[in-house]
Amino acid sequence: MVSKTITYEDFNGVERTETFYFNMTKAELAQWMTGGDGGMMERIQAIMDAKDEAKMREMFCELIDRSYGVKSADGRRFEKNEALLADFKATQAYSDLYMELMTDTEKSVEFVNGIMPSDLRKAAQNGNAPVMMSAT
(Lines give C-alpha, C1' and ligand atoms only; values in the text may rest on other atoms or scores of the structure.)
Protein backbone atom coordinates (compact mmCIF):
# COMPACT_ATOMS: atom_id res chain seq x y z
CA MET A 1 0.00 0.00 0.00
CA VAL A 2 1.15 3.50 -0.80
CA SER A 3 -0.01 6.51 1.14
CA LYS A 4 0.59 9.83 -0.57
CA THR A 5 0.22 13.00 1.47
CA ILE A 6 -0.47 15.78 -0.98
CA THR A 7 -0.68 19.48 -0.26
CA TYR A 8 -2.71 21.24 -2.91
CA GLU A 9 -4.85 24.32 -3.43
CA ASP A 10 -8.56 23.57 -3.75
CA PHE A 11 -10.91 25.41 -6.08
CA ASN A 12 -11.72 27.99 -3.40
CA GLY A 13 -8.04 28.87 -3.10
CA VAL A 14 -7.69 27.06 0.23
CA GLU A 15 -4.50 25.08 0.83
CA ARG A 16 -5.30 21.54 1.89
CA THR A 17 -3.16 18.61 2.96
CA GLU A 18 -4.71 15.17 2.60
CA THR A 19 -3.46 11.59 2.57
CA PHE A 20 -4.59 9.35 -0.26
CA TYR A 21 -4.15 5.56 -0.47
CA PHE A 22 -3.31 3.22 -3.35
CA ASN A 23 -3.14 -0.57 -3.31
CA MET A 24 -3.66 -3.64 -5.46
CA THR A 25 -4.36 -7.08 -4.04
CA LYS A 26 -3.03 -10.25 -5.63
CA ALA A 27 -6.51 -11.01 -6.95
CA GLU A 28 -6.87 -7.57 -8.55
CA LEU A 29 -3.41 -7.80 -10.08
CA ALA A 30 -4.11 -11.30 -11.45
CA GLN A 31 -7.42 -10.16 -12.98
CA TRP A 32 -5.77 -7.14 -14.58
CA MET A 33 -2.87 -9.19 -15.91
CA THR A 34 -5.14 -11.76 -17.58
CA GLY A 35 -8.12 -9.61 -18.60
CA GLY A 36 -8.82 -7.56 -21.70
CA ASP A 37 -7.13 -8.03 -25.05
CA GLY A 38 -4.57 -10.64 -24.13
CA GLY A 39 -3.94 -9.33 -20.65
CA MET A 40 -1.81 -6.58 -19.16
CA MET A 41 1.57 -8.09 -19.98
CA GLU A 42 0.76 -8.42 -23.67
CA ARG A 43 -0.65 -4.89 -23.81
CA ILE A 44 2.44 -3.43 -22.12
CA GLN A 45 4.75 -5.35 -24.47
CA ALA A 46 2.81 -4.13 -27.52
CA ILE A 47 2.95 -0.53 -26.28
CA MET A 48 6.69 -0.80 -25.59
CA ASP A 49 7.37 -2.41 -28.97
CA ALA A 50 5.49 0.41 -30.67
CA LYS A 51 7.24 3.00 -28.45
CA ASP A 52 3.80 4.55 -27.90
CA GLU A 53 4.27 7.04 -25.07
CA ALA A 54 0.64 8.17 -25.14
CA LYS A 55 -0.57 4.59 -24.62
CA MET A 56 1.97 4.11 -21.83
CA ARG A 57 0.60 7.18 -20.05
CA GLU A 58 -2.91 5.76 -20.47
CA MET A 59 -1.75 2.47 -18.96
CA PHE A 60 -0.21 4.32 -16.04
CA CYS A 61 -3.44 6.27 -15.49
CA GLU A 62 -5.30 2.96 -15.45
CA LEU A 63 -2.92 1.73 -12.76
CA ILE A 64 -3.64 4.82 -10.63
CA ASP A 65 -7.37 4.38 -11.16
CA ARG A 66 -7.31 0.67 -10.30
CA SER A 67 -5.24 1.20 -7.16
CA TYR A 68 -7.00 4.22 -5.57
CA GLY A 69 -9.21 3.56 -2.58
CA VAL A 70 -10.19 4.56 0.92
CA LYS A 71 -8.83 2.59 3.86
CA SER A 72 -11.28 1.82 6.67
CA ALA A 73 -10.40 3.21 10.11
CA ASP A 74 -9.79 -0.28 11.47
CA GLY A 75 -7.61 -1.25 8.49
CA ARG A 76 -9.74 -4.27 7.58
CA ARG A 77 -11.11 -2.91 4.31
CA PHE A 78 -9.77 -0.98 1.37
CA GLU A 79 -12.81 0.32 -0.43
CA LYS A 80 -12.74 1.02 -4.15
CA ASN A 81 -15.60 2.12 -6.32
CA GLU A 82 -16.42 4.52 -9.14
CA ALA A 83 -17.84 7.20 -6.82
CA LEU A 84 -14.73 7.29 -4.61
CA LEU A 85 -12.49 7.41 -7.68
CA ALA A 86 -14.57 10.18 -9.27
CA ASP A 87 -14.33 12.23 -6.06
CA PHE A 88 -10.54 11.85 -6.03
CA LYS A 89 -10.15 12.63 -9.74
CA ALA A 90 -12.19 15.82 -9.28
CA THR A 91 -9.55 17.26 -6.93
CA GLN A 92 -6.39 19.18 -7.74
CA ALA A 93 -4.58 16.51 -5.70
CA TYR A 94 -5.18 13.98 -8.51
CA SER A 95 -3.73 16.37 -11.08
CA ASP A 96 -0.72 17.09 -8.86
CA LEU A 97 -0.09 13.37 -8.29
CA TYR A 98 -0.46 12.58 -11.99
CA MET A 99 2.02 15.30 -12.96
CA GLU A 100 4.49 14.17 -10.30
CA LEU A 101 4.39 10.58 -11.50
CA MET A 102 4.59 11.53 -15.18
CA THR A 103 7.62 13.78 -14.68
CA ASP A 104 9.64 11.96 -12.00
CA THR A 105 10.77 8.46 -12.92
CA GLU A 106 12.01 7.68 -9.42
CA LYS A 107 8.64 8.57 -7.88
CA SER A 108 6.85 6.58 -10.57
CA VAL A 109 8.89 3.47 -9.82
CA GLU A 110 8.39 3.98 -6.08
CA PHE A 111 4.63 4.31 -6.59
CA VAL A 112 4.30 1.21 -8.78
CA ASN A 113 6.42 -0.86 -6.42
CA GLY A 114 4.44 0.41 -3.43
CA ILE A 115 1.00 -0.54 -4.71
CA MET A 116 2.02 -4.12 -5.43
CA PRO A 117 1.39 -6.80 -2.79
CA SER A 118 4.46 -6.84 -0.51
CA ASP A 119 5.23 -10.53 -0.93
CA LEU A 120 5.14 -10.24 -4.75
CA ARG A 121 7.35 -7.15 -4.57
CA LYS A 122 9.87 -8.99 -2.37
CA ALA A 123 9.84 -12.02 -4.66
CA ALA A 124 10.49 -9.82 -7.70
CA GLN A 125 13.35 -8.05 -5.92
CA ASN A 126 14.88 -11.47 -5.22
CA GLY A 127 14.43 -12.56 -8.82
CA ASN A 128 11.68 -15.03 -7.91
CA ALA A 129 8.60 -13.30 -9.24
CA PRO A 130 5.65 -15.69 -9.54
CA VAL A 131 4.41 -16.45 -13.02
CA MET A 132 0.74 -16.03 -13.81
CA MET A 133 -0.52 -19.18 -15.48
CA SER A 134 -3.51 -19.56 -17.70
CA ALA A 135 -5.67 -22.64 -18.04
CA THR A 136 -5.23 -24.47 -21.29
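This passage describes the fold, the core, a pocket and three single residues of a predicted model.

The protein has seven helices and four strands. Read from the N terminus, its elements follow the order β-β-α-α-α-β-β-α-α-α-α. Of its 136 residues, 28% count as buried. The accessible surface comes to about 9,000 Å². Carbon and sulfur atoms account for 50% of that surface. Contacts were also sorted by separation along the sequence. Among those between residues at least 6 apart, 51% join residues at least 24 apart.

The largest nonpolar core has 26 residues. Phe 20, Phe 22, Phe 88, Phe 111 and Ile 115 have the most contacts inside this core. Both strands and helices feed into the core. Strand 1 (2-9) and strand 2 (15-22) each supply at least two residues. So do helix 1 (26-34), helix 3 (53-67), helix 4 (82-89), helix 5 (92-103) and helix 6 (105-115). Helix 3 gives the most, with five residues. In soluble globular proteins, nonpolar side chains tend to be buried together.

Phe 20 illustrates the surroundings of one such core residue. Residues up to four places away in sequence are not counted here. Phe 20 touches Val 2, Ser 3, Lys 4, Ile 6 and Tyr 8, and also Tyr 68, Phe 88 and Ala 93. Among these partners, Phe 88 is itself listed with the residues that have the most contacts inside the core.

Ser 3 offers a view from the other side of this contact. Ser 3 is found in strand 1. Beyond its neighbours within four places in sequence, Ser 3 is in contact with Thr 19, Phe 20 and Tyr 21. Ser 3 and Phe 20 are 17 residues apart in sequence. Their C-alpha atoms are 5.6 Å apart in space. The relative accessible area of Ser 3 is 44%, so Ser 3 is partly exposed. This value falls between the 20% limit for buried and the 50% limit for exposed residues.

The second largest pocket has a volume of about 270 Å³. Its lining is made of 13 residues. Met 56, Phe 60, Leu 101, Thr 105 and Ser 108 are the closest to its centre. Helix 3, helix 5 and helix 6 each give two or more residues to the lining. The largest share, five residues, comes from helix 6. By type, the lining divides into six nonpolar, four polar and three charged residues.

Ser 108 belongs to this lining and lies in helix 6. Its relative accessible area is 12%, so Ser 108 is buried. The cut-off for buried is under 20%. Leaving aside neighbours within four places in sequence, Ser 108 is in contact with Phe 60, Leu 101 and Met 102. Of these partners, Phe 60 and Leu 101 are also among the lining residues closest to the pocket centre.

Val 70 was examined in strand 3 (residues 68-71). At 33% relative accessibility, Val 70 counts as partly exposed. Val 70 touches Arg 77, Phe 78, Glu 79 and Leu 84, with residues up to four places away in sequence not counted. Val 70 and Asn 81 are 11 residues apart along the chain. A distance of 9.4 Å separates their C-alpha atoms.

Definitions and conventions
Residues are numbered from 1 along each chain as its sequence is written. This is a predicted model: local features need pLDDT of at least 70, side-chain atom pairs count only at pLDDT 80 or more; totals for chains, interfaces and linings use all residues. Side-chain values use heavy atoms; hydrogens and water are left out. A nonpolar core is a set of buried Ala, Val, Leu, Ile, Met, Phe, Trp, Tyr and Cys residues joined through side-chain atoms within 4.5 Å. Buried means under 20% relative accessible area, exposed over 50%, partly exposed in between (1.4 Å probe, protein chains only). Contact means heavy atoms within 4.5 Å. Accessible areas come from the Shrake-Rupley method with a 1.4 Å probe; for residues, only the protein chains shown count as cover. On a 1 Å grid over the protein atoms alone, a cavity is a set of points where a 1.4 Å probe fits but cannot get out, and a pocket is an open set with protein on both sides within 12 Å along at least five of seven lines; lining residues have an atom within 4 Å of a point. Grid points are joined across faces, edges and corners, and a volume is the space filled by probe spheres set on the points. Ala, Val, Leu, Ile, Met, Phe, Trp, Tyr, Cys and Pro count as nonpolar, Asp, Glu, Lys and Arg as charged, and the others, Gly among them, as polar.
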